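This report considers how parts of one protein chain pack against each other, beginning with a pair of helices and moving on to the chain as a whole and its cysteines.

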Amino acid sequence: MRSSFVTALCLATTVTVAATGCGATVEAGGGGPASSVTLTNCGKKVTYDKVPERVVTNDVGITELMFALGLEDRMAGFAMPDDKGDLNGVPWKGGYDKVAWLSKDQLTKENVLDARGDFVFAGWNYGFREEAGFTPQALKKLGIPSYVLTESCRNGRTDTSRGIMPPLEALYTDLTNLGKLFGVEKRAASLVAEFKEEVAAVRAEAPRGAERPKVFLYDSGEEQPFTSGRFAAPEQIISEAGGVNVMHDVADSWTTVGWESVVERDPDVIVICDYGDVSAERKRKFLLSYGPLRNVSAVKNRRIFVLDYVDLVESPRNPSAIARLGTYLRGVSGGGAEGGRGER
């Protein structure tokens, strides 16, 4: 995210925040919701009886949604593996410095209880998981309300398939809902408007029609690739940047496909999701040397672009990722551009 945007946001919110700095949490004259708040989360109405004061989050994108809204003072801690990228240069470094890092794995009921959490913000496959008994229903039995990341909402097509709306709409929905719950609606609206403006500027310059490069998102996996269907953030990161997600027809968010489908769809560009024990460079070497891909356009032309994990899951870094990928795809549609990395 551009540092200028963060500075502008701080300046814009100074007149509406009854405290100093960008970490303040209550807009002047508001004091937060005076009574219960009802939100629509994953298609269901959920009522919260009070403003959470000790929020516990899971994963980097979810945590940064809270930071982007200036809600670190409302947080008791977060869980996040330490393989999700360098946090030193991010716009919300102050939030990471201030809020406790509870676990370098995933959240558990024990983490939440030890932190005296009164609210959990996580998602299916972003902390919530049936096999560990860590679910919104289990937390409710403990008297702890929760909110499910909209990108991860289950859509009913299978027991595990996820995604109920376009990814950027999911991002804007969560920011708006959190703004209402925490009494920072003006700040949330300002953030959404800034993101929409940033995305529209990229869209205005993006390749069109037949010039739009076909793009495959490669997360991980050698026997079978893990990728993004149309409900995960890469769908609109790719499309708004001027490309076409070759897995658009997959009605899921993050899921596994077969290499044969990648070969058949012949992407012009492969975007690597950089995280985990396998480095982006190792993933790149695998893609360039994997026999079945040798005739795929992206491999033949060595058009492999790298974005960080947090760029590619629902997070306030999505618009910046769109801008960086958009610059690259314009080079591809013009007949140039080899692989590179989309730096923040």
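In this predicted model, helices α7 and α13 are roughly parallel to each other, because the angle between their axes falls under the 35 degrees that serves as the limit for that description. The axis of α7, which spans residues 185-205, comes within 9 Å of the axis of α13, which spans residues 318-333, and the two cross at roughly 10°. On the α7 side the contact is made by Phe-195, Glu-198, Val-199, Val-202 and Glu-205, and these meet Pro-319, Ser-320, Ile-322, Ala-323, Gly-326 and Arg-330 of α13. Sorted by character, the residues of this contact divide into 6 nonpolar, 2 polar and 3 charged.

The protein that contains this helix pair has 13 helices and 15 strands. Of its 344 residues, 54% are buried, and its accessible surface comes to about 14500 Å², with 48% of that surface belonging to carbon and sulfur atoms. When contacts between residues at least 6 apart in sequence are considered, 68% of them join residues that are at least 24 apart.

Helix α8, residues 233-241, is mostly covered, with 8 of its 9 residues buried. The buried residues of α8 include nonpolar side chains such as Ala-233, Pro-234, Ile-237, Ile-238 and Ala-241, but Glu-235, Gln-236 and Glu-240 are buried as well. Just after α8, Gly-242 takes a positive phi of about 115°.

How many disulfides does the structure hold? There is 1 disulfide, formed by Cys-42 and Cys-153, whose sulfur atoms lie 2.0 Å apart. The pair links distant parts of the chain, 111 residues apart: Cys-42 sits in the loop between β1 (37-41) and β2 (44-48), whereas Cys-153 sits in the loop between β8 (146-148) and α6 (167-182). The torsion about the S-S bond is about -80°, and the disulfide is therefore left-handed.

The table lists the accessibility of these two cysteines together with that of Cys-273.

| Residue | Relative accessible area | Class |
|---|---|---|
| Cys-42 | 26% | partly exposed |
| Cys-153 | 0% | buried |
| Cys-273 | 1% | buried |

Within the disulfide, then, Cys-42 counts as partly exposed because its 26% relative accessibility is not under the 20% that defines a buried residue and not over 50%, while Cys-153, at 0%, is buried.

Technical notes: Residues numbered from 1 in each chain as written. Predicted model: local features only at pLDDT ≥ 70, side-chain atom pairs only at ≥ 80, totals over all residues. Heavy atoms only, no water. Axes fitted to C-alpha atoms, helices over the stretch in contact; angles between N-to-C directions. Helix = DSSP H or I, 4+ residues; strand = E, 2+ residues; numbered from the N terminus. Parallel < 35°, antiparallel > 145°, perpendicular 65-115°, else oblique. Contact = heavy atoms within 4.5 Å. Buried < 20%, exposed > 50% of the residue type's maximum accessible area, 1.4 Å probe, protein only. Areas by Shrake-Rupley, 256 points an atom, 1.4 Å probe, with all protein chains shown as cover. Disulfide = S-S within 2.5 Å.
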